[in-house]
Amino acid sequence: MKKIFTSLLMLMAMAVSANAEMKTVWEGSHEIGNWNWDVRLEIAADAFSALADGDKMAITMAPNVEAAGAETWYQYDITANDYVEGRDPQRTPIASGDISEAGDVTINLTSEQVALLKSSGMVINGHYVTVTKIAVGTDEGGETPEPEPTPVEGTATELWSGTTATGDWAEALALSYDNKPAALATAKVGDVIVVTYDATGEGAHVQIANPDGWVAFDENSEADAPAQGAGQTFTYTIDDVPTLELIQMNGILVRGKNITITKVELVTDDDHYDAVAITIGEAGIATYSNSSKSLDFNGAAIKAYYATGVETGKVTLSPTSTVPAYTGIIVKGEPGVYVVRTGEAEAVETNYLRAVGDWNQNIQPSVDGGYLYTLAESGEPTFSLVAAGTEVEARKAYLETATDITPATGNIELVFSDDPSTGITSVTVGKKGDDAYYNLQGVRVAHPTRGIYIHNGKKVIIK
(Lines give C-alpha, C1' and ligand atoms only; values in the text may rest on other atoms or scores of the structure.)
Protein backbone atom coordinates (compact mmCIF):
# COMPACT_ATOMS: atom_id res chain seq x y z
CA MET A 1 0.00 0.00 0.00
CA LYS A 2 1.07 3.59 -0.52
CA LYS A 3 0.08 7.04 0.71
CA ILE A 4 -1.51 8.99 -2.15
CA PHE A 5 -3.73 11.97 -2.92
CA THR A 6 -6.42 10.81 -5.38
CA SER A 7 -8.34 13.43 -7.37
CA LEU A 8 -12.11 13.52 -6.96
CA LEU A 9 -12.46 14.29 -10.65
CA MET A 10 -10.57 13.30 -13.81
CA LEU A 11 -6.83 13.36 -14.16
CA MET A 12 -7.28 15.93 -16.89
CA ALA A 13 -7.61 18.62 -14.22
CA MET A 14 -3.82 19.03 -14.09
CA ALA A 15 -1.51 22.04 -13.99
CA VAL A 16 -2.11 24.31 -16.98
CA SER A 17 0.75 24.80 -19.42
CA ALA A 18 2.20 28.14 -20.30
CA ASN A 19 0.63 28.07 -23.79
CA ALA A 20 -2.10 30.65 -24.17
CA GLU A 21 -4.10 28.83 -26.87
CA MET A 22 -4.29 25.81 -29.15
CA LYS A 23 -1.52 25.58 -31.73
CA THR A 24 -1.96 23.82 -35.08
CA VAL A 25 0.76 21.19 -35.60
CA TRP A 26 -0.66 19.68 -38.80
CA GLU A 27 -3.29 20.72 -41.36
CA GLY A 28 -4.40 19.22 -44.65
CA SER A 29 -6.80 16.54 -45.87
CA HIS A 30 -5.80 12.95 -45.22
CA GLU A 31 -8.18 10.09 -46.08
CA ILE A 32 -7.86 6.92 -44.01
CA GLY A 33 -9.37 3.79 -45.54
CA ASN A 34 -10.63 0.49 -44.16
CA TRP A 35 -7.89 0.06 -41.52
CA ASN A 36 -5.39 0.19 -44.37
CA TRP A 37 -1.97 0.67 -42.77
CA ASP A 38 -0.57 2.03 -45.99
CA VAL A 39 -2.77 5.14 -45.75
CA ARG A 40 -2.24 5.85 -42.07
CA LEU A 41 -1.41 9.40 -40.95
CA GLU A 42 1.93 9.75 -39.14
CA ILE A 43 2.92 12.89 -37.23
CA ALA A 44 6.61 13.16 -36.32
CA ALA A 45 7.74 13.71 -32.74
CA ASP A 46 9.16 17.18 -33.45
CA ALA A 47 5.60 18.45 -34.08
CA PHE A 48 4.97 17.92 -30.37
CA SER A 49 8.18 19.44 -29.03
CA ALA A 50 6.33 22.28 -27.28
CA LEU A 51 3.81 20.01 -25.52
CA ALA A 52 3.57 20.44 -21.74
CA ASP A 53 1.78 18.60 -18.96
CA GLY A 54 -1.89 19.64 -18.88
CA ASP A 55 -2.09 20.25 -22.65
CA LYS A 56 -4.81 18.71 -24.77
CA MET A 57 -5.00 17.66 -28.41
CA ALA A 58 -7.90 18.41 -30.76
CA ILE A 59 -8.15 16.37 -33.97
CA THR A 60 -10.62 17.57 -36.61
CA MET A 61 -12.05 14.69 -38.64
CA ALA A 62 -15.13 13.72 -40.59
CA PRO A 63 -16.76 10.53 -41.88
CA ASN A 64 -15.59 9.69 -45.43
CA VAL A 65 -19.08 8.72 -46.58
CA GLU A 66 -18.24 8.60 -50.28
CA ALA A 67 -15.34 6.16 -49.82
CA ALA A 68 -17.22 4.00 -47.32
CA GLY A 69 -19.99 3.13 -49.76
CA ALA A 70 -22.44 0.77 -48.12
CA GLU A 71 -20.52 0.73 -44.83
CA THR A 72 -22.01 3.28 -42.46
CA TRP A 73 -19.67 3.22 -39.49
CA TYR A 74 -16.57 5.38 -39.05
CA GLN A 75 -13.79 4.82 -36.53
CA TYR A 76 -10.45 6.29 -35.51
CA ASP A 77 -7.54 4.78 -33.61
CA ILE A 78 -4.72 6.97 -32.26
CA THR A 79 -1.47 5.53 -30.90
CA ALA A 80 1.99 6.69 -30.03
CA ASN A 81 4.50 5.63 -32.70
CA ASP A 82 6.57 3.64 -30.19
CA TYR A 83 6.65 0.31 -32.04
CA VAL A 84 8.05 -2.66 -30.09
CA GLU A 85 8.08 -6.01 -31.88
CA GLY A 86 6.31 -8.78 -29.98
CA ARG A 87 4.67 -6.43 -27.49
CA ASP A 88 0.87 -6.41 -27.21
CA PRO A 89 -0.13 -3.84 -28.24
CA GLN A 90 2.90 -3.00 -30.33
CA ARG A 91 2.14 0.74 -30.05
CA THR A 92 0.79 2.47 -26.93
CA PRO A 93 -2.92 3.43 -27.30
CA ILE A 94 -3.88 7.07 -26.85
CA ALA A 95 -7.55 7.17 -27.91
CA SER A 96 -10.04 5.43 -30.17
CA GLY A 97 -13.72 5.59 -30.92
CA ASP A 98 -16.55 6.16 -33.40
CA ILE A 99 -17.68 9.36 -35.11
CA SER A 100 -20.94 10.13 -36.86
CA GLU A 101 -20.34 13.68 -38.12
CA ALA A 102 -17.57 16.17 -38.75
CA GLY A 103 -16.03 17.78 -35.68
CA ASP A 104 -13.20 17.80 -33.18
CA VAL A 105 -12.12 14.83 -31.07
CA THR A 106 -10.52 16.35 -27.98
CA ILE A 107 -8.05 14.31 -25.94
CA ASN A 108 -6.98 15.43 -22.47
CA LEU A 109 -3.38 14.24 -22.46
CA THR A 110 -1.80 12.61 -19.44
CA SER A 111 1.82 13.35 -18.57
CA GLU A 112 2.76 9.88 -19.86
CA GLN A 113 1.07 10.56 -23.20
CA VAL A 114 2.80 13.94 -23.50
CA ALA A 115 6.17 12.24 -22.99
CA LEU A 116 5.34 9.55 -25.59
CA LEU A 117 4.25 12.07 -28.23
CA LYS A 118 7.36 14.20 -27.70
CA SER A 119 9.64 11.17 -28.00
CA SER A 120 7.86 8.97 -30.57
CA GLY A 121 5.26 10.98 -32.48
CA MET A 122 1.81 9.70 -33.37
CA VAL A 123 -0.10 7.43 -35.77
CA ILE A 124 -3.77 7.77 -36.77
CA ASN A 125 -5.54 4.87 -38.46
CA GLY A 126 -9.17 3.89 -38.76
CA HIS A 127 -12.20 3.10 -40.84
CA TYR A 128 -13.15 5.65 -43.50
CA VAL A 129 -12.39 8.96 -41.77
CA THR A 130 -10.77 12.09 -43.14
CA VAL A 131 -8.42 14.07 -40.89
CA THR A 132 -8.07 17.78 -41.64
CA LYS A 133 -6.37 19.35 -38.62
CA ILE A 134 -4.42 18.56 -35.45
CA ALA A 135 -3.93 21.20 -32.75
CA VAL A 136 -2.36 21.01 -29.29
CA GLY A 137 -2.21 23.34 -26.28
CA THR A 138 -4.71 24.73 -23.81
CA ASP A 139 -8.21 26.13 -24.24
CA GLU A 140 -8.64 28.74 -26.97
CA GLY A 141 -8.11 32.25 -25.61
CA GLY A 142 -6.18 31.16 -22.54
CA GLU A 143 -9.23 30.98 -20.28
CA THR A 144 -8.50 30.62 -16.58
CA PRO A 145 -8.94 26.96 -15.67
CA GLU A 146 -11.16 25.82 -12.84
CA PRO A 147 -9.27 25.22 -9.58
CA GLU A 148 -8.23 21.67 -8.91
CA PRO A 149 -10.72 19.72 -6.79
CA THR A 150 -10.06 18.85 -3.18
CA PRO A 151 -8.19 15.53 -3.16
CA VAL A 152 -9.18 12.39 -1.28
CA GLU A 153 -6.42 11.81 1.22
CA GLY A 154 -5.73 8.34 2.51
CA THR A 155 -4.02 5.02 2.05
CA ALA A 156 -4.56 3.45 -1.37
CA THR A 157 -4.71 -0.29 -1.91
CA GLU A 158 -4.62 -1.56 -5.48
CA LEU A 159 -7.51 -3.97 -6.01
CA TRP A 160 -6.71 -4.75 -9.65
CA SER A 161 -4.66 -3.55 -12.62
CA GLY A 162 -4.57 -4.66 -16.24
CA THR A 163 -6.70 -4.02 -19.33
CA THR A 164 -10.43 -4.74 -19.61
CA ALA A 165 -12.36 -3.21 -22.50
CA THR A 166 -16.11 -3.02 -21.92
CA GLY A 167 -17.35 -2.32 -25.44
CA ASP A 168 -21.06 -1.48 -25.38
CA TRP A 169 -21.71 -3.00 -21.91
CA ALA A 170 -20.54 -6.34 -23.28
CA GLU A 171 -17.77 -7.00 -20.74
CA ALA A 172 -17.36 -6.32 -17.01
CA LEU A 173 -14.48 -6.49 -14.55
CA ALA A 174 -15.67 -8.79 -11.74
CA LEU A 175 -14.05 -8.13 -8.37
CA SER A 176 -16.65 -10.22 -6.62
CA TYR A 177 -17.40 -13.49 -4.84
CA ASP A 178 -14.42 -15.83 -5.42
CA ASN A 179 -12.47 -13.00 -7.12
CA LYS A 180 -13.22 -10.42 -4.40
CA PRO A 181 -10.05 -8.66 -3.20
CA ALA A 182 -9.41 -8.98 0.54
CA ALA A 183 -9.47 -5.19 0.96
CA LEU A 184 -13.15 -5.03 -0.08
CA ALA A 185 -14.11 -7.46 2.70
CA THR A 186 -12.71 -4.98 5.23
CA ALA A 187 -13.88 -1.76 3.55
CA LYS A 188 -15.34 1.00 5.73
CA VAL A 189 -17.88 3.79 5.52
CA GLY A 190 -16.05 6.75 3.94
CA ASP A 191 -13.72 4.62 1.79
CA VAL A 192 -13.40 5.64 -1.85
CA ILE A 193 -13.28 3.30 -4.86
CA VAL A 194 -11.13 4.83 -7.61
CA VAL A 195 -11.42 3.52 -11.19
CA THR A 196 -8.79 4.56 -13.75
CA TYR A 197 -9.93 4.13 -17.35
CA ASP A 198 -9.57 5.25 -20.95
CA ALA A 199 -12.64 6.67 -22.70
CA THR A 200 -12.48 5.05 -26.14
CA GLY A 201 -15.68 5.97 -27.93
CA GLU A 202 -18.88 7.98 -28.05
CA GLY A 203 -21.17 7.76 -25.05
CA ALA A 204 -18.38 6.50 -22.80
CA HIS A 205 -19.82 5.63 -19.39
CA VAL A 206 -18.36 4.05 -16.24
CA GLN A 207 -20.31 2.21 -13.53
CA ILE A 208 -19.54 0.50 -10.23
CA ALA A 209 -22.26 -2.10 -9.83
CA ASN A 210 -23.64 -4.62 -7.35
CA PRO A 211 -22.77 -8.16 -8.53
CA ASP A 212 -26.18 -9.25 -7.24
CA GLY A 213 -28.26 -7.85 -10.09
CA TRP A 214 -25.59 -6.04 -12.14
CA VAL A 215 -27.02 -2.60 -11.34
CA ALA A 216 -25.41 0.55 -9.97
CA PHE A 217 -25.37 0.77 -6.16
CA ASP A 218 -26.91 4.26 -6.42
CA GLU A 219 -26.94 7.31 -8.68
CA ASN A 220 -23.45 8.29 -7.53
CA SER A 221 -21.82 5.01 -8.56
CA GLU A 222 -21.91 5.75 -12.30
CA ALA A 223 -21.18 8.67 -14.62
CA ASP A 224 -20.59 9.63 -18.24
CA ALA A 225 -16.97 10.23 -19.21
CA PRO A 226 -16.55 14.02 -19.58
CA ALA A 227 -14.30 13.62 -22.65
CA GLN A 228 -12.42 11.16 -24.80
CA GLY A 229 -8.93 10.15 -23.74
CA ALA A 230 -6.79 7.94 -21.55
CA GLY A 231 -5.91 8.08 -17.89
CA GLN A 232 -9.25 9.34 -16.60
CA THR A 233 -10.56 8.56 -13.10
CA PHE A 234 -13.96 7.96 -11.54
CA THR A 235 -14.44 7.93 -7.76
CA TYR A 236 -17.25 6.50 -5.65
CA THR A 237 -17.51 7.08 -1.90
CA ILE A 238 -19.09 4.34 0.22
CA ASP A 239 -21.25 6.58 2.38
CA ASP A 240 -23.92 4.31 3.88
CA VAL A 241 -23.87 1.05 5.84
CA PRO A 242 -26.28 -1.04 3.66
CA THR A 243 -24.06 -0.41 0.61
CA LEU A 244 -20.95 -1.13 2.67
CA GLU A 245 -22.31 -4.52 3.73
CA LEU A 246 -23.18 -5.43 0.12
CA ILE A 247 -19.65 -4.55 -1.01
CA GLN A 248 -18.03 -6.41 1.89
CA MET A 249 -20.04 -9.55 1.15
CA ASN A 250 -20.36 -9.55 -2.65
CA GLY A 251 -17.59 -7.26 -3.92
CA ILE A 252 -18.13 -5.06 -6.99
CA LEU A 253 -18.41 -5.08 -10.77
CA VAL A 254 -16.78 -2.36 -12.85
CA ARG A 255 -18.52 -2.03 -16.19
CA GLY A 256 -19.74 0.50 -18.71
CA LYS A 257 -19.75 1.57 -22.32
CA ASN A 258 -16.75 2.30 -24.54
CA ILE A 259 -14.18 2.38 -21.76
CA THR A 260 -11.02 0.41 -21.10
CA ILE A 261 -10.45 -0.16 -17.38
CA THR A 262 -6.78 -0.09 -16.35
CA LYS A 263 -6.79 0.09 -12.54
CA VAL A 264 -9.11 -0.09 -9.52
CA GLU A 265 -8.07 1.12 -6.06
CA LEU A 266 -9.60 1.48 -2.61
CA VAL A 267 -8.62 4.57 -0.61
CA THR A 268 -9.22 4.43 3.15
CA ASP A 269 -8.36 6.57 6.15
CA ASP A 270 -8.18 6.24 9.93
CA ASP A 271 -11.39 8.19 10.52
CA HIS A 272 -13.47 5.83 8.38
CA TYR A 273 -15.47 3.23 10.30
CA ASP A 274 -17.05 -0.22 10.03
CA ALA A 275 -20.65 -0.87 11.07
CA VAL A 276 -23.70 -3.05 10.48
CA ALA A 277 -27.34 -2.25 9.77
CA ILE A 278 -29.89 -3.96 12.05
CA THR A 279 -33.62 -3.98 11.31
CA ILE A 280 -36.27 -4.17 14.03
CA GLY A 281 -39.81 -4.92 12.92
CA GLU A 282 -43.23 -4.09 14.30
CA ALA A 283 -42.84 -6.28 17.41
CA GLY A 284 -40.05 -4.04 18.70
CA ILE A 285 -37.59 -6.91 19.10
CA ALA A 286 -35.64 -9.10 16.68
CA THR A 287 -32.84 -11.63 16.59
CA TYR A 288 -29.46 -10.83 15.03
CA SER A 289 -26.00 -12.27 14.47
CA ASN A 290 -22.96 -11.43 12.37
CA SER A 291 -20.48 -14.06 11.30
CA SER A 292 -17.39 -11.84 11.25
CA LYS A 293 -17.94 -8.58 13.17
CA SER A 294 -17.88 -7.85 16.89
CA LEU A 295 -20.34 -5.08 17.77
CA ASP A 296 -20.34 -2.18 20.24
CA PHE A 297 -23.81 -1.08 21.38
CA ASN A 298 -22.52 1.74 23.60
CA GLY A 299 -24.29 4.86 22.37
CA ALA A 300 -26.52 2.88 20.00
CA ALA A 301 -30.25 3.65 19.84
CA ILE A 302 -31.15 0.00 20.47
CA LYS A 303 -30.27 -2.54 23.19
CA ALA A 304 -28.74 -6.00 22.84
CA TYR A 305 -29.48 -9.03 25.01
CA TYR A 306 -28.21 -12.57 25.58
CA ALA A 307 -30.55 -15.42 26.58
CA THR A 308 -28.98 -16.19 29.97
CA GLY A 309 -31.72 -18.34 31.48
CA VAL A 310 -34.37 -20.77 30.28
CA GLU A 311 -37.13 -22.65 32.07
CA THR A 312 -40.55 -23.96 31.19
CA GLY A 313 -42.54 -21.07 29.77
CA LYS A 314 -39.82 -18.43 30.24
CA VAL A 315 -36.61 -17.10 28.68
CA THR A 316 -34.55 -14.57 30.65
CA LEU A 317 -32.76 -11.95 28.54
CA SER A 318 -29.82 -10.00 30.00
CA PRO A 319 -28.42 -6.78 28.48
CA THR A 320 -24.95 -6.49 27.03
CA SER A 321 -23.03 -3.54 25.57
CA THR A 322 -20.65 -5.57 23.38
CA VAL A 323 -21.19 -8.69 21.28
CA PRO A 324 -18.50 -10.97 19.77
CA ALA A 325 -18.67 -12.16 16.18
CA TYR A 326 -20.84 -15.20 15.42
CA THR A 327 -22.96 -14.76 18.55
CA GLY A 328 -26.76 -14.78 18.62
CA ILE A 329 -28.54 -11.88 20.34
CA ILE A 330 -31.93 -10.26 20.81
CA VAL A 331 -32.16 -6.56 19.88
CA LYS A 332 -34.86 -4.29 21.27
CA GLY A 333 -36.04 -0.84 20.16
CA GLU A 334 -38.58 1.08 18.14
CA PRO A 335 -39.27 -0.37 14.65
CA GLY A 336 -36.68 0.84 12.14
CA VAL A 337 -33.18 0.31 10.74
CA TYR A 338 -30.25 1.08 13.05
CA VAL A 339 -26.51 1.52 12.50
CA VAL A 340 -24.30 -0.19 15.09
CA ARG A 341 -20.52 0.20 14.90
CA THR A 342 -18.03 -2.60 15.28
CA GLY A 343 -15.78 -2.90 18.33
CA GLU A 344 -14.02 -5.31 20.68
CA ALA A 345 -15.94 -7.94 22.66
CA GLU A 346 -15.29 -11.05 24.76
CA ALA A 347 -17.34 -14.22 24.61
CA VAL A 348 -20.12 -14.62 27.18
CA GLU A 349 -20.27 -17.74 29.35
CA THR A 350 -24.01 -18.38 29.15
CA ASN A 351 -26.10 -17.70 26.05
CA TYR A 352 -28.79 -19.99 24.70
CA LEU A 353 -29.04 -18.05 21.45
CA ARG A 354 -27.21 -19.48 18.43
CA ALA A 355 -25.92 -17.49 15.45
CA VAL A 356 -26.87 -18.00 11.81
CA GLY A 357 -24.19 -17.23 9.20
CA ASP A 358 -24.29 -14.84 6.26
CA TRP A 359 -26.57 -17.19 4.33
CA ASN A 360 -29.87 -18.85 5.23
CA GLN A 361 -29.29 -21.93 7.37
CA ASN A 362 -31.19 -25.14 8.03
CA ILE A 363 -30.65 -25.35 11.79
CA GLN A 364 -29.74 -28.52 13.69
CA PRO A 365 -29.26 -29.20 17.44
CA SER A 366 -25.63 -28.96 18.52
CA VAL A 367 -26.07 -32.01 20.79
CA ASP A 368 -28.36 -35.03 20.58
CA GLY A 369 -31.73 -34.36 22.13
CA GLY A 370 -31.53 -30.58 21.88
CA TYR A 371 -34.61 -28.44 21.29
CA LEU A 372 -34.75 -25.57 18.77
CA TYR A 373 -36.87 -22.42 18.90
CA THR A 374 -37.32 -19.47 16.56
CA LEU A 375 -38.63 -16.02 17.49
CA ALA A 376 -41.83 -14.56 16.07
CA GLU A 377 -40.81 -11.02 15.16
CA SER A 378 -44.31 -9.78 14.36
CA GLY A 379 -47.39 -9.68 16.52
CA GLU A 380 -46.76 -10.89 20.09
CA PRO A 381 -43.05 -11.82 20.23
CA THR A 382 -42.41 -15.31 21.58
CA PHE A 383 -40.22 -18.34 20.93
CA SER A 384 -41.82 -21.37 19.30
CA LEU A 385 -40.49 -24.92 19.09
CA VAL A 386 -39.44 -25.92 15.54
CA ALA A 387 -38.18 -29.12 13.96
CA ALA A 388 -34.56 -29.79 13.08
CA GLY A 389 -33.86 -28.68 9.51
CA THR A 390 -36.04 -25.56 9.75
CA GLU A 391 -34.59 -22.76 7.60
CA VAL A 392 -33.63 -19.59 9.45
CA GLU A 393 -32.86 -16.31 7.67
CA ALA A 394 -29.26 -15.14 7.28
CA ARG A 395 -27.86 -13.01 10.14
CA LYS A 396 -30.62 -14.01 12.50
CA ALA A 397 -30.45 -16.21 15.63
CA TYR A 398 -32.40 -19.07 17.19
CA LEU A 399 -32.71 -20.55 20.69
CA GLU A 400 -31.39 -23.98 21.67
CA THR A 401 -32.18 -25.74 24.98
CA ALA A 402 -31.44 -29.13 26.49
CA THR A 403 -35.08 -29.60 27.56
CA ASP A 404 -38.45 -28.64 26.14
CA ILE A 405 -39.47 -25.30 27.67
CA THR A 406 -42.84 -25.08 25.90
CA PRO A 407 -45.55 -24.41 28.53
CA ALA A 408 -48.70 -26.52 28.75
CA THR A 409 -50.75 -23.43 27.95
CA GLY A 410 -49.90 -20.00 26.61
CA ASN A 411 -46.69 -18.72 25.11
CA ILE A 412 -43.07 -18.71 26.21
CA GLU A 413 -42.57 -15.45 28.08
CA LEU A 414 -39.62 -13.14 27.39
CA VAL A 415 -38.21 -11.62 30.59
CA PHE A 416 -35.86 -8.65 30.13
CA SER A 417 -33.85 -8.52 33.34
CA ASP A 418 -33.26 -4.75 33.07
CA ASP A 419 -37.00 -4.02 32.75
CA PRO A 420 -39.06 -4.76 35.91
CA SER A 421 -42.30 -4.38 33.95
CA THR A 422 -41.69 -7.68 32.15
CA GLY A 423 -41.67 -11.24 33.35
CA ILE A 424 -44.67 -11.25 35.68
CA THR A 425 -45.84 -14.85 35.66
CA SER A 426 -48.31 -15.07 38.53
CA VAL A 427 -49.32 -13.03 41.54
CA THR A 428 -51.88 -14.13 44.16
CA VAL A 429 -54.48 -11.40 44.41
CA GLY A 430 -58.10 -11.03 45.50
CA LYS A 431 -61.06 -11.84 43.41
CA LYS A 432 -60.77 -10.75 39.79
CA GLY A 433 -62.95 -7.74 39.17
CA ASP A 434 -62.90 -6.42 42.75
CA ASP A 435 -61.43 -3.17 41.32
CA ALA A 436 -58.61 -3.15 43.92
CA TYR A 437 -54.91 -2.59 43.17
CA TYR A 438 -52.23 -5.04 44.33
CA ASN A 439 -48.46 -4.75 44.23
CA LEU A 440 -46.30 -7.51 42.78
CA GLN A 441 -46.12 -9.21 46.18
CA GLY A 442 -49.91 -9.54 46.25
CA VAL A 443 -50.48 -6.87 48.89
CA ARG A 444 -53.52 -4.67 48.39
CA VAL A 445 -52.71 -0.96 47.87
CA ALA A 446 -55.39 1.52 48.85
CA HIS A 447 -53.86 4.53 47.12
CA PRO A 448 -51.54 3.39 44.31
CA THR A 449 -48.84 5.84 43.19
CA ARG A 450 -46.25 5.45 40.45
CA GLY A 451 -45.32 1.82 39.85
CA ILE A 452 -46.50 -1.55 38.58
CA TYR A 453 -49.69 -3.10 39.95
CA ILE A 454 -52.23 -5.86 39.35
CA HIS A 455 -55.71 -4.47 38.70
CA ASN A 456 -58.71 -6.66 37.77
CA GLY A 457 -56.32 -9.52 37.02
CA LYS A 458 -54.13 -7.49 34.65
CA LYS A 459 -50.74 -5.82 34.95
CA VAL A 460 -50.93 -2.03 34.82
CA ILE A 461 -48.30 0.69 35.06
CA ILE A 462 -49.09 3.99 36.77
CA LYS A 463 -46.74 6.78 35.69
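## Exercises: strands, salt bridges and a histidine

**Exercise 1.** Find the residue in β14 that is the bridge partner of V206.

*Solution.* Go along β14 until you are across from V206: the partner there is A223. Keep in mind that you are looking at a predicted model. Now zoom out to the whole pair of strands. β12 (residues 205-210) and β14 (residues 222-224) pair in the antiparallel sense, over 3 bridges.

**Exercise 2.** Work out which other strands pair with β12, and pick out one residue pair in each case.

*Solution.* Start with β16, which covers residues 251-257. β12 runs antiparallel to β16, with 5 bridges joining them. One matched pair here is I208 with V254 of β16.

Next comes β13, made of residues 215-216. This pairing is antiparallel too, with 2 bridges, and N210 sits opposite V215. The two strands form a hairpin with 4 residues between them. Look at G213 in that hairpin: its phi is positive, near 120 degrees.

**Exercise 3.** Sort the residues of β12 by the way they point, and decide whether they are buried or exposed.

*Solution.* First, a handy rule: side chains of a regular strand alternate between the two faces of the sheet. Now try it on β12. H205, Q207 and A209 point one way, while V206, I208 and N210 point the other way. For the second part, the cut-off for buried is under 20% relative accessible area. Both groups turn out to be buried, so the strand scores 6 of 6.

For practice, check β15 (residues 229-237) as well: 8 of its 9 residues are buried. β15 runs antiparallel to β11 (residues 192-199), and 7 bridges join the two. Across that pairing, V195 faces F234 in β15.

**Exercise 4.** How many salt bridges does the model have, and where do the partners of the R395 and E245 pair lie in the chain?

*Solution.* The count is 9. The general idea is that side chains of opposite charge can pair when their charged atoms come close. For R395 and E245, the N to O distance is 2.8 Å. R395 lies in the loop between β30 and β31, while E245 is in helix α4 (residues 241-250), so the pair links parts of the chain that are 150 residues apart.

Now look at the surroundings. R395 counts as buried because its relative accessible area is 17%, and E245 counts as buried because its value is 12%.

**Exercise 5.** Compare two further salt bridges, K293 with D274 and K303 with D418, by looking at where their residues sit.

*Solution.* Take K293 and D274 to begin with: their closest N and O atoms are 2.9 Å apart. K293 is in the loop between β19 and β20, D274 is in the loop between β17 and β18, and they are 19 residues apart. Both residues are buried.

Then take K303 and D418, with 3.4 Å between the closest N and O atoms. Here K303 belongs to strand β21 (residues 303-311), D418 belongs to the loop between β32 and β33, and 115 residues separate them. K303 is partly exposed, at 46% relative accessible area. D418 is partly exposed as well, at 32%. One last thing to spot is a network: salt bridges with shared partners join E245, D358 and R395.

**Exercise 6.** Which strands are at the edges of the open sheet of 5 strands?

*Solution.* Write down the order: β19-β24-β21-β22-β32, with mixed pairing. The edge strands are β19 and β32, as each pairs on one side only. Neighbouring strands in this sheet are turned by 40 degrees against each other on average, direction ignored. Inside the sheet, β21 and β22 (residues 314-320) run antiparallel, with 7 bridges. One of the matched pairs is A304 with T320.

**Exercise 7.** Describe the surroundings of H272.

*Solution.* Locate H272 first: the loop between β17 and β18. H272 is buried because its relative accessible area is 17%. Leaving out residues up to four places away in sequence, H272 touches K188, V189, G190, D191 and V267. With G190 there is a polar contact: the backbone oxygen of G190 is 3.3 Å from a polar atom of the H272 side chain.

Terms used
Residues numbered from 1 in each chain as written. Predicted model: local features only at pLDDT ≥ 70, side-chain atom pairs only at ≥ 80, totals over all residues. Heavy atoms only, no water. Buried < 20%, exposed > 50% of the residue type's maximum accessible area, 1.4 Å probe, protein only. Pairing = 2+ DSSP bridges. Salt bridge = Lys/Arg side-chain N within 4 Å of Asp/Glu carboxyl O. Axes fitted to C-alpha atoms, helices over the stretch in contact; angles between N-to-C directions. Polar contact = N/O pair within 3.5 Å; in protein donor to acceptor, adjacent residues only side chain to side chain. Contact = heavy atoms within 4.5 Å.
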